[in-house]
Every structure is written in C-alpha cells, then in structure tokens.
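Let's take a friendly walk through the fold of this protein. Please keep the viewer open while you read.

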Amino acid sequence: MTPVTFDHRQTPPAEPARVVVLGSRGFIGAALVRDLAAGGVPTLALSSADLDLAMPDAAAKLTALLQPEDALVFLSAVTPDKGRDIASTMRNLRMGEAVAAALQARPVAHLVYLSSDAVYSFEAGLVSEATPAAPIDLYGVMHRTRELMLQQAFKGPLAILRSTLVYGAADTHNSYGANRFRRLAEKDRKITLGGKGEETRDHLLIDDAVAMIREVLRHRSHGILNMVTGQSVTFDELARLVGGLFSPAAEVIHTPRQSPVTHRHFDPALRRRAFPEFRFTPLIDGLRKVHREAQSGA
C-alpha cells in the first residue's frame, strides 16, 4: 500500500476568511452552516435551489461567486436513497465537473471534499487511508471519480474526507442504520434487520462530523482522511442500542438474509496523528442525544 500523508498548511489554526458551502440544505451541510454561523465565521451557503451544479452554466456561476481567500466545502450529491442508477451517477459527475472547472478558473485558498467510505471494497480487511480505492458500485465509483477530478483541477490544499455512516435526528435519508432504526422503533416498536444483523459498520454522530470538518478548515488540512471513529459494531448491536432507548424497548426482528455478510473496520491511526486531541462521542451517548432531540422535535 502507498503511504498516505495528511498535513496541516495553517499553523497555528485559524478560522477561514469565508467558507462557501455547496449543499448547504443537506443533512451535513445544514448542520455545518449552523455551526459556522454560531462561530461567527462568514459563510456563503449555496443549495441546489441557489445553484444547480448539474446545469451547463453552473461552472460560470460558481466562478463568479468565489473569492481567492475562500475555503470551499463541497458536499453536494445525489445520495444513494435518491438513486444509485446511471442517471444519478452522471448528475453527480456533472456537479464534480462544474466545481472542478470553477476552481481552475478561480482558485480558492482551501478545498474540502466530503467523499465516502464507499470508495473501498468490502474485501479490504482493516481499512486505512493507504488502502487502495476499489469501489464496487456506482456510488463509490462516482465519489472516487470526483476525488480524481478535484485532484487534477485544484493544486492548492485539498482535504478529501472519506466519511462513514453519519447519524442524527435531522437526517432525512433513512439509510439502513441508526436513523432508520430509530424511525422503525418509534413507529411500531419493531426494528427489522436483514439476516441476523451480523454486518459491522462504523457510525458517526453528525455533531462530530461537523466538528471534524471545522478542524480541517481551521488547519487548512491537505490529503486524504477517513472520517471515522475507528469503532465498528454489528447492526444487531446497533438496533438493540436504539431499541433500548424506547419504553417498552423495541423488538429486534431477524429476517432471511438476501445479501452476503460484509464488514467494515477502520484503522484510525492517521486521524489520531492529525488531530490527537479530537474525541468522538461514544456511540451510546450519541444515540441518546439523537433520541432526546427527536423526541423533543429539536
């Protein structure tokens, strides 16, 4: 495996002059914009309603909005729950093409791209940033292709954050995991799993995802980093943790397996070296926080 570096180009760390957020109304984007505002960081929040990155004129419009001292955070994507087909993939690639073209025309001070751990295969064993990218579906291929687009187009500090599953009360994606399990438990006190829920995954609280992006921005970090906790649990364990937050506890139901068992375990050593004082929220504490927020309507 090729050694991978992740270094900081701004020491001591400082807030960016301005942060431009692409995908500002998405689950992570909206949380990031709120956090930047709370910190008094000048922000230009752009959603698809403000700028559709898949349109032919998107590059020119984005170019006109960018300033040399900006930090650009690229979050926009058609997520898997909206489509994993060729059309969704091509729309996502057009977005990447527009951002790359804008950055070539108007370079910024820092670029942060939120990628996905879908760029790795499930046969990789213990995954680190040095693990070769080998996506097995179009969603993973799309993210890997956008990574390469941005690396070719932008020669300044570029942080590629390959994120694991992110959970939080405001998530609308309903992907398989903590967010869906909570909704199932709330609806009829039952959480249905595929098979016995043996698969292992890493789960990241939205607050921690935002905090990590903020640290990357402050340090003007450059390189590839897996945005993961390094702690994986089975979906059965996760479902029982989520179900136990309800009274009575939600029943966990196993069903005949329809797909092979896959696992995802991460080596967080590079992240620990890059941000030695950063601490992730323990899973049960994060689930409790999300449960309280969901119950209160926060």
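The report below covers the sheets, then the helices that lie on them, and then the helix pairs.

**The seven-stranded sheet**

Please keep in mind that this is a predicted model. A good place to begin is the open sheet of 7 strands, which runs in the order β1-β11-β7-β5-β4-β2-β3 with mixed pairing. Its edge strands are β1 (6-8) and β3 (43-46), and each of these pairs on one side only. Ignoring direction, neighbouring strands in this sheet are turned by 20° against each other on average.

Within the sheet, you can zoom in on β4 (residues 70-74) and β5 (residues 110-116), which pair in the parallel sense over 4 bridges. To find that pairing quickly, pick F74: its bridge partner in β5 is Y113. As a reminder, the strands of a sheet pair through backbone hydrogen bonds, either parallel or antiparallel.

Two helices are worth displaying together with these strands. Helix α3 (residues 86-105) lies across β2 (18-22), β4 and β5, and runs at about 170° to β4. Helix α6 (residues 206-219) also packs on the sheet, where it touches β1, β2, β4, β5, β7 (158-163) and β11 (221-227). The direction of α6 makes about 165° with that of β11.

**The three-stranded sheet**

Now turn to the open sheet of 3 strands, ordered β8-β10-β12, where the pairing is again mixed. Because β8 (165-167) and β12 (232-234) stand at the edges with a single partner strand each, one side of each is left without a neighbour in the sheet. Neighbouring strands here are turned by 55° against each other on average, direction ignored.

Strands β8 and β10 (residues 200-205) run parallel and are joined by 3 bridges. A handy marker for this pairing is V166, whose bridge partner in β10 is L204. Helix α6 appears here too: it lies across β8 and β10, running at about 70° to β10.

**Two helix pairs that share α7**

Helix α7 (residues 235-243) takes part in a packing with α9 (residues 283-296) and in another with α5 (residues 178-188). The table sets out both.

| Helix pair | Axis separation | Crossing angle |
|---|---|---|
| α7 and α9 | within 10 Å | roughly 45° |
| α5 and α7 | 9 Å | about 45° |

What makes up the contact of α7 with α9? From α7 come L238, L241 and V242, and they meet L283, I284 and L287 of α9. These residues divide into 6 nonpolar, no polar and no charged. The angle between the axes is roughly 45°, and α7 and α9 are therefore oblique to each other. Their crossing is right-handed.

For the other pair, the packing angle is about 45°, which makes α5 oblique to α7. The crossing of α5 and α7 is right-handed. Here A178, F181 and R182 of α5 contact F235, L238, A239 and V242 of α7. That set divides into 6 nonpolar, no polar and 1 charged.

**The annotated region**

Finally, a note from the records: an unreviewed UniProt entry carries the annotation "domain: NAD-dependent epimerase/dehydratase" over residues 19-221. In the model, the chain over residues 19-221 is 40% helix and 21% strand. The end C-alpha atoms of this stretch are 14 Å apart.

How values were computed. Residues are numbered from 1 along each chain as its sequence is written. This is a predicted model: local features need pLDDT of at least 70, side-chain atom pairs count only at pLDDT 80 or more; totals for chains, interfaces and linings use all residues. Side-chain values use heavy atoms; hydrogens and water are left out. Axes are lines fitted to C-alpha atoms, for helices over the stretch in contact, and angles run from 0 to 180 degrees between N-to-C directions. Angles under 35 degrees count as roughly parallel, over 145 as roughly antiparallel, 65 to 115 as roughly perpendicular and the rest as oblique. A crossing is left-handed if the near helix is turned anticlockwise from the far one by less than a right angle, and right-handed if clockwise. Contact means heavy atoms within 4.5 Å. Ala, Val, Leu, Ile, Met, Phe, Trp, Tyr, Cys and Pro count as nonpolar, Asp, Glu, Lys and Arg as charged, and the others, Gly among them, as polar. Two strands pair if DSSP finds at least two bridges between them. UniProt positions are given in the numbering used here, feature names are shortened, and annotations may be inferred rather than shown by experiment.
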